[in-house]
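Welcome, and thank you for taking a look at this protein with us. Please have the sequence and the structure open side by side while you read.

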Amino acid sequence: MAISMRCEHCGVLLEIDDSYAGMQVECSNCHALLQAPVSENAANAVPTSPPTGVGRMQINSTLALRPSSGLAVAAMVCGIIGCATRLFPVGIVGIVLGIMAVSRINREPREYEGKEMAIAGICTGAVSIIYGLFFLTPAFMMTSSSVTRAKELSRQLICASNVKGFGTACRIYANDYDESFPPGIQTLLDTGDIIPRSLICPSSGDQVGTVLSSYIYIPGQTTESDPRNVLLYEKESNHAGEGSNVLFVDGHATFIKPYSRVEELVEETKARIAEKRTE
């Protein structure tokens, strides 16, 4: 004879031999320990082979199998893929599906199983996010640094254009004044050969009208001066001390770094100008 009972933990229908009636038995599905019911037949029966220890119930074949939650399976797969490939968006999907699967299983424990797979999907998804951030953060920082550097190079080119334009204005002035360069920057502003905006280095942060210039002019020279002489150079703060666009007497301009080298060229220029005056 068989006794039917339902597991109070997993909800499946179980069948046990009545010789185990009244004993503590183990559910074959969830392995929980249950108290087998006592039937009238079992009370009067004398089992030929008295059971010893904990009995094991047989699960009714029509109700024993519960489908694993598809969300749980999908969560575990996404978590593993995300962890293996470091594609943290896939891992995020695994976490979301895992949470949904756990919620469904908790609401309907008699209909679905696979909570362990859902939790595995959540854990592996979290690991994939950690891996992804670990590998992407340096790349992001490198990209951000590259963008910043590209912007600075662009500003240096605009600054170089300002410096070359200043050199052209000096040449125009010298043609009208016996090959002598102007006595100062203000002179070129007064003649209209340059405009205030062209005196602002885009890297300096200076605003038009608030300062006379982002550049330093060395007066007292002519088109016949030593071509190595510096005619115009930038303030040290313009490019965070990296260097300076330098305009030479012969009209060419170049970006020179470090700034200490610019200072050396300026001192050499001033020394040659002073020497020329003593001749």
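Residues 24 or more positions apart account for 52% of the protein's contacts with a separation of 6 or more, where a contact means heavy atoms within 4.5 Å. Before going further, please note that this is a predicted model: local features need pLDDT of at least 70, side-chain atom pairs count only at pLDDT 80 or more, and totals for chains, interfaces and linings use all residues. Residues are numbered from 1 along each chain as its sequence is written, and side-chain values use heavy atoms, with hydrogens and water left out.

**Overall make-up**

The protein has six helices and ten strands; these are DSSP runs numbered from the N terminus, with helices being H or I of at least four residues and strands being E of at least two. Buried residues make up 35% of the 279 residues. Here buried means under 20% relative accessible area, exposed means over 50%, and partly exposed is in between, with a 1.4 Å probe and protein chains only. The accessible surface of the protein comes to about 16,100 Å², and 58% of that belongs to carbon and sulfur atoms. These areas come from the Shrake-Rupley method with a 1.4 Å probe, and for residues only the protein chains shown count as cover.

**The nonpolar cores**

In soluble globular proteins, nonpolar side chains tend to be buried together. A nonpolar core is here a set of buried Ala, Val, Leu, Ile, Met, Phe, Trp, Tyr and Cys residues joined through side-chain atoms within 4.5 Å. Which members of the largest nonpolar core touch the most other members? Of its 20 residues, they are F166, I194, Y217 and L232. At least two residues of this core come from each of helix 4 (115-176), helix 5 (185-191), strand 7 (215-217) and strand 8 (230-234). Helix 4 gives the most, with seven residues. Another core lies apart from this one; it has twelve residues, among them C7, C10, L14 and V25.

L232 deserves a visit of its own. Leaving out residues up to four places away in sequence, L232 touches V163, F166, I185, Y215, I216, Y217, N245, V246 and L247.

**Helices 2 and 3**

Helix 3 (residues 88-107) has 20 residues, which at 1.5 Å a residue should span 28 Å; its end C-alpha atoms are 29 Å apart, which agrees. The expected span is 1.5 Å times one less than the number of residues. The buried residues of helix 3 are G91, G94, I95, L97, G98, A101, V102 and I105.

An α-helix has 3.6 residues a turn, so residues three or four places apart point the same way. With that in mind, look at the nonpolar surface patch of about 210 Å² made by V73, V77 and I81. Patches are made of residues with over 30% relative accessible area and no salt bridge; like charges are joined within 9 Å, and nonpolar side chains (Val, Leu, Ile, Met, Phe, Trp, Tyr) within 5 Å. V73 lies in helix 2 (residues 70-85) and is partly exposed, with a relative accessible area of 34%.

**Salt bridges**

How many salt bridges does a search of the whole structure find? It finds six, a salt bridge being a side-chain nitrogen of Lys or Arg within 4 Å of a carboxyl oxygen of Asp or Glu. Three of the pairs are listed here.

| Pair | Closest N to O distance |
|---|---|
| R228 and D226 | 2.8 Å |
| K257 and E242 | 3.6 Å |
| R261 and E268 | 3.9 Å |

The pair of K257 and E242 links distant parts of the chain, 15 residues apart: K257 is in the loop between strand 10 and helix 6, and E242 is in the loop between strand 8 and strand 9 (244-248). E242 is partly exposed at 22% relative accessible area. R228 counts as exposed at 52% relative accessibility, whereas D226 is partly exposed at 24%. D226, R228 and R272 are linked in a network of salt bridges.

**Backbone details in the loops**

K257 also takes part in a cis peptide bond, joined to P258 with omega of about 0°. P258 is found in the loop between strand 10 (253-256) and helix 6 (259-278).

The loop between helix 4 and helix 5 holds D178 and E179. Phi of D178 is near 55°, a positive value in a residue other than glycine, and phi of E179, also not a glycine, is near 65°. D178 counts as exposed at 72% relative accessibility, while E179 is partly exposed at 33%.
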